[in-house]
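Subject: Structure for your review

Dear colleague,

Please find below the structure that I am handing over to you. My notes on what was found in it follow directly after.

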Amino acid sequence: MDSLGDFFTRIRNSVGANHRVLEVPASKTKKEITKLLFEKGYIQNYKFDEEGFGKIKIALKYNPMNKKSAISEIKRISTPGLRRYCGADEIPRVLNGLGIAILSTSKGIMTDKEARKENIGGEILCYVH
């Protein structure tokens, strides 16, 4: 089972169904990705619930005028069957900088822009735009 793939699929399905709140099982990687999505303005809010195995509650963000989600697409890049790595000079740009790529690096999980600034590469987890 690909837990990150499941995480991204749950977000994609909730956005498609216009749900306001989403609940997913927690892990350290998912928590870091959730924090990045909040910092970059793709989700409205989040809460870590530590009861039992732990859950993450995510409040999705929508435009009040046209009811469009802030996340138009979230796509898994590196899968358990085919890992995708890139060096510091090969980090991809998503929609010419309008989207973000989330990478798992030796210094933690960060966006493509932060990785370029730190001059480190890593595993490309997903694209968000």
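In this predicted model, Glu-32 and Lys-35 form a salt bridge in which the closest N and O atoms are 3.6 Å apart. The two residues are three positions apart in helix α2, and therefore about one helical turn separates them. Glu-32 is partly exposed, its relative accessible area being 34%. Lys-35 also counts as partly exposed, because its relative accessibility is 29% and the partly exposed class runs from 20% to 50%.

The structure holds eight salt bridges, and two others may be of interest to you. In one of them, the side chains of Arg-10 and Asp-6 meet with an N to O distance of 3.0 Å. These residues are four apart in helix α1, so they too are separated by about one helical turn. Arg-10 is partly exposed, at 32% relative accessibility.

The other joins Lys-57 to Glu-23, with 4.0 Å between the closest N and O atoms. Lys-57 belongs to strand β3 and Glu-23 to strand β1, so this pair ties together parts that lie 34 residues apart in sequence. Both ends are partly exposed: Lys-57 has a relative accessibility of 32%, and Glu-23 has a relative accessible area of 39%.

These two strands lead to the sheet. It is an open sheet of three strands in the order β1-β3-β2, and the pairing is antiparallel. Strands β1 (21–25) and β2 (43–49) stand at the edges with a single partner strand each, which means that one side of each has no neighbour in the sheet. From one strand to the next, the twist averages 20°.

Five antiparallel bridges pair β1 with β3 (residues 55–60). Within this pairing, Leu-22 stands opposite Ile-58 of β3, and Val-21 has Ala-59 of β3 as its bridge partner.

Which side chains of β1 are buried, and which are not? Leu-22 and Val-24 point to one face and are buried, whereas Val-21, Glu-23 and Pro-25 point to the other face and are not buried. This follows a general pattern, because side chains in a regular strand alternate between the two faces of the sheet.

Both helices named above lie across strands of this sheet. Helix α1 (residues 3–16) lies across β1 and β3 and runs at about 165° to β1. Helix α2 (residues 28–39) lies across β1, β2 and β3, running at about 150° to β2.

Finally, I turn to the aromatic residues. The count comes to three aromatic pairs. Phe-7 and Phe-8 form a tilted pair, with 5.6 Å from centre to centre and 50° between the planes. Phe-7 and Phe-8 are both buried.

Phe-38 and Tyr-46 form an edge-to-face pair, at 5.3 Å centre to centre and with 75° between the planes. That pair is classed as edge-to-face because its planes are over 60 degrees apart. Phe-38 is partly exposed at 34% relative accessibility, and Tyr-46 is partly exposed with a relative accessible area of 25%.

Ring pairs link Phe-38, Tyr-46 and Phe-48 into a cluster. Over the face of Phe-48 lies Lys-31, at 5.3 Å from the ring centre.

With kind regards

Technical notes
Residues numbered from 1 in each chain as written. Predicted model: local features only at pLDDT ≥ 70, side-chain atom pairs only at ≥ 80, totals over all residues. Heavy atoms only, no water. Phe/Tyr/Trp six-rings, centres within 6.5 Å; stacked < 30°, edge-to-face > 60°. Buried < 20%, exposed > 50% of the residue type's maximum accessible area, 1.4 Å probe, protein only. Lys NZ or Arg CZ within 6 Å of the ring centre and 35° of its normal. Pairing = 2+ DSSP bridges. Axes fitted to C-alpha atoms, helices over the stretch in contact; angles between N-to-C directions. Contact = heavy atoms within 4.5 Å.
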